[in-house]
Amino acid sequence: MAKHFKTPKHQTGKLITTKTPYGTTSDMVVTDEEILAKTKVKDGWVLAKDDQGYYITAQGNVDSGLSDPFRYCDTFREKNMSEFNFGVKDG
């Protein structure tokens, strides 16, 4: 039997400045060399930034048209950021 995940809901009053609330688009991918120099992104992964801060995601999730669990699931966000030990602070 499949695991049941709570579907994330939009919070009233929360401003979303990205094209999509759940997916990752190419304009969210970090290209700033200064920030990327502080990180060690593995092949096949990218560093992205949304309204909540930085997160990493698989390259295949960018512009896929699907929701990106590495973006909207806080458990994935925290685990990946600590696992890859990115030296980038949100803000």
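Here are legends for a set of close-up views of this protein, which is a predicted model.

**View 1. The whole chain, before we zoom in.**
Start with the parts list: the protein has 3 helices and 2 strands. Walk along from the N terminus and you meet them in the order α-β-β-α-α. Of the 91 residues in the protein, 31% are buried. The protein exposes about 6600 Å², and carbon and sulfur atoms supply 52% of that area. Now take the contacts between residues at least 6 apart in sequence: 50% of them join residues at least 24 apart.

**View 2. Two strands joined by a hairpin.**
Here you can see β1 and β2, which run antiparallel and are joined by 6 bridges. The hairpin gets from β1 to β2 through 2 residues. Look for Asp 50, which stands opposite Gly 53 in β2. As background, side chains in a regular strand alternate between the two faces of the sheet.

**View 3. The largest nonpolar core.**
Which residues make up the largest nonpolar core? There are 6 residues in all: Val 30, Ile 35, Leu 47, Tyr 54, Ile 56 and Met 81. Pick out Val 30 and check who it touches, skipping its neighbours within four places in sequence. Its contacts include the core members Ile 35, Leu 47 and Tyr 54. Val 30 is also in contact with Leu 36, Ala 48 and Lys 49. In soluble globular proteins, nonpolar side chains tend to be buried together.

**View 4. Tyr 22 meets Tyr 72.**
The structure holds 2 aromatic pairs, and this view shows one of them. The ring centres of Tyr 22 and Tyr 72 are 5.8 Å apart, and their planes sit at 85 degrees, so the pair is edge-to-face. Tyr 22 lies in the segment before α1 (33–37) and Tyr 72 in helix α2, so this pair ties together parts that are 50 residues apart in sequence. Are these tyrosines buried or exposed? Somewhere in between: Tyr 22 counts as partly exposed at 26% relative accessibility, and Tyr 72 is partly exposed too, with a relative accessible area of 33%.

**View 5. Trp 45 meets Phe 70.**
Trp 45 and Phe 70 form an aromatic pair as well, 5.4 Å from centre to centre, with 85 degrees between the planes, and it is edge-to-face. Trp 45 belongs to strand β1 (residues 45–50) and Phe 70 to helix α2, so the pair links distant parts of the chain, 25 residues apart. Phe 70 has a relative accessible area of 16% and is buried, because buried means under 20%. Trp 45 counts as partly exposed, at 26% relative accessibility.

**View 6. Thr 25 and its surroundings.**
Find Thr 25 in the segment before α1. Thr 25 counts as buried, at 12% relative accessibility. The side chains of Thr 25 and Asp 27 are joined by a polar contact of 2.3 Å. Leaving aside neighbours within four places in sequence, Thr 25 is in contact with Lys 19, Thr 20, Val 62 and Asp 63.

**View 7. Asp 63 and its positive phi.**
What is the phi of Asp 63? It is positive, about 55 degrees, although Asp 63 is not a glycine. For background, most residues other than glycine have a negative phi. Asp 63 lies in the loop between β2 (53–58) and α2 (69–72), and at 48% relative accessibility Asp 63 counts as partly exposed. You have already met Asp 63 as one of the contacts of Thr 25.

Definitions and conventions:
Residues are numbered from 1 along each chain as its sequence is written. This is a predicted model: local features need pLDDT of at least 70, side-chain atom pairs count only at pLDDT 80 or more; totals for chains, interfaces and linings use all residues. Side-chain values use heavy atoms; hydrogens and water are left out. A nonpolar core is a set of buried Ala, Val, Leu, Ile, Met, Phe, Trp, Tyr and Cys residues joined through side-chain atoms within 4.5 Å. Buried means under 20% relative accessible area, exposed over 50%, partly exposed in between (1.4 Å probe, protein chains only). Contact means heavy atoms within 4.5 Å. Helices (H or I, at least four residues) and strands (E, at least two) are DSSP runs, numbered from the N terminus. Rings of Phe, Tyr and Trp (its six-membered ring) pair if their centres lie within 6.5 Å; planes under 30 degrees apart count as stacked, over 60 as edge-to-face and the rest as tilted. Accessible areas come from the Shrake-Rupley method with a 1.4 Å probe; for residues, only the protein chains shown count as cover. Two strands pair if DSSP finds at least two bridges between them. A polar contact is a pair of N or O atoms within 3.5 Å; within protein, one must be able to donate a hydrogen and the other to accept it, and residues adjacent in sequence count only if both atoms are side-chain atoms.
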